Amino acid sequence: MESTTSNRPTGMFGFIIVWLGQIVSVLASAMSQFGLTIWIWDQTKSALAMGWMQVFFITPFLLISPIAGVMVDRHNRKLMMMVSDLAAGVATMVILVLMYFGVMEYWHLYVTSIVYGLGMAFQWPAYSAAISTMVPKEQLGRANGMMSLIEAGPGVFAPLLAGALLPIITLTGILFFDVVTFLFAIGALMIVHIPQPPRTEEGRQAEGGMLKEAAYGFKYIFARPSLLGLQLIFFMGNLFAGIGYTVLAPMILARTDSNTLVFGSVQTAGAVGGLIGGLLMSIWGGFKRRVHGVLGGWIWSGLAMAVLGLTGGIPVWLAGSALGALIGPLVNGSNQAIWQSKVAPDVQGRVFSARRLIAWLTNPISPIIAGSLADFVLEPAMRTDSALTSTFGWLVGTGPGAGMGLLLVICGVFGALVGLAGYFIPAIYNAETILPDHDQLQKVEALA
């Protein structure tokens, strides 16, 4: 165990402590999300209404991300991580109070999604940058694999626990448990030491006013075609994934008459796939050429999403959900390791925030596109005798949910083509050899 003068855990041991605090908190949040997804569907029966939750989350997230990145680089990263957890806890507390007093309306979730989005804008760049200073470079793939387990692991148990506890403690009880675990996550952060990064020449070039520093992340990426190309892969991939996965939950609920057991089983299958993928990534660390994990992973992910829309019911949904989630840790972990190796640690907050904004730029409109196509075009067409039913009925079936299934198939095919395209663009395919590692640059600067 490494330690500082205050004997606070750091290094890989300190990272594990933070990781444990997060995984407990995310378990509770996943349980809350499961219950709230069913609640809003029962209230509205609308894919568009559910999609608006994502819009209200992601829009403030993206708008404040460049400023959040500057704050992460300027200030103590541990403090920024606590801010993100606190904002999420406040949002959940508001929902809890409204639910407890019986005055909850579905639009209240839109308001709390804004608060949650603002807090999460700090979380990802802060955690990503903190890993770079806590964990040795050769362990980045494994650490990022463990971070992927935070997304996948709790999802294995959250639907089962939520389904079992909802009749007993109701959604209010689950939300209360969620609030308590935010305190646990903050407590884990308080006891560890997270080193601040050393100053580099790139960091000195980025210094200036808030707006200049916020813009620096974009300038950094646009000046490096390989990094920009990687983000454009995620930009296009996320466009199709955002449209497709917006309609997954309403498709399953529509095709099963709101069967929570089936919906929970599909979510659990995805979580199991993600858990296995995260464990493999934690042990293996990914391909030596990490770009294969990114591009090959997008191809796999797109095809798995297409499977979800096919006719066949529960077995098909379980397989598609598990296969899609299985590859996620490899895609994200490989990409994350590339960026953490190439970008100087003291500018990672700004660069990673700009990177996330580019990758997620379509996210505010994806749910609106998905909900509008589902509610007003594809669903009505696939429930009647039409050109679409005669052409695609054999593939995705007909009736409630078939239109959303067709949308998943279309988006999955295009998502796979995005990953395939990256192999034909040298700046992307050769990114790891074109760009030097940041620690090698620092050695050169020290010798100069």
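Here are four short exercises with worked solutions on this predicted model.

**Exercise 1. The nonpolar core**

Task: Find which residues touch the most other members of the largest nonpolar core, and which helix gives the largest share of this core.

Solution:
- Step 1. Start with the core itself: the largest one has 121 residues, and Phe15 and Trp339 touch the most other members.
- Step 2. Now look at where its residues come from. Helix α5 (residues 140-190) supplies the largest share, 16 residues.
- Step 3. Zoom in on Phe15. Leaving aside residues up to four places away in sequence, Phe15 touches Ile131, Met134, Val135, Ala143, Met146 and Met147.

**Exercise 2. Salt bridges across the chain**

Task: Work out how many salt bridges the whole structure holds, then say which parts of the chain Arg350 and Glu213 tie together.

Solution:
- Step 1. Searching the whole structure gives 3 salt bridges.
- Step 2. In one of them, the side chains of Arg350 and Glu213 meet at 3.0 Å, N to O. Arg350 belongs to helix α13 (residues 348-359) and Glu213 to helix α7 (residues 210-222), so this pair ties together parts 137 residues apart in sequence. Both Arg350 and Glu213 are buried.
- Step 3. Next take Asp437 and Lys342, whose closest N and O atoms are 2.7 Å apart in a salt bridge. Asp437 sits in the loop between α18 (431-434) and α19 (438-447), while Lys342 is in helix α12 (residues 314-342); these distant parts of the chain are 95 residues apart.
- Step 4. Check Lys342 against the cut-off: buried means under 20% relative accessible area. Lys342 has 9%, so Lys342 is buried.
- Step 5. Finally, Arg383 and Glu379 join their side chains in a salt bridge of 2.8 Å, N to O. Glu379 has a relative accessible area of 4% and is therefore buried.

**Exercise 3. A residue in a loop**

Task: Decide whether Thr362 is buried or exposed, and list what Thr362 touches.

Solution:
- Step 1. Locate Thr362 in the loop between α13 and α14 (366-382).
- Step 2. Its relative accessibility is 6%, so Thr362 counts as buried.
- Step 3. Not counting residues up to four places away in sequence, Thr362 is in contact with Phe235, Asn238 and Leu239.

**Exercise 4. A nonpolar patch on the surface**

Task: Name the residues of the nonpolar surface patch that includes Phe414, and classify Phe414 by its relative accessible area.

Solution:
- Step 1. The patch covers about 640 Å² and is made by Ile410, Val413, Phe414, Leu417, Leu420, Phe424 and Ile425.
- Step 2. Phe414 is part of helix α16 (residues 402-422).
- Step 3. With a relative accessible area of 42%, Phe414 is partly exposed.

Note on methods. Residues numbered from 1 in each chain as written. Predicted model: local features only at pLDDT ≥ 70, side-chain atom pairs only at ≥ 80, totals over all residues. Heavy atoms only, no water. Patch = residues over 30% accessible without salt bridge, like charges linked within 9 Å, V, L, I, M, F, W, Y side chains within 5 Å. Areas by Shrake-Rupley, 256 points an atom, 1.4 Å probe, with all protein chains shown as cover. Salt bridge = Lys/Arg side-chain N within 4 Å of Asp/Glu carboxyl O. Helix = DSSP H or I, 4+ residues; strand = E, 2+ residues; numbered from the N terminus. Buried < 20%, exposed > 50% of the residue type's maximum accessible area, 1.4 Å probe, protein only. Core = buried A, V, L, I, M, F, W, Y, C linked by side-chain atoms within 4.5 Å. Contact = heavy atoms within 4.5 Å.
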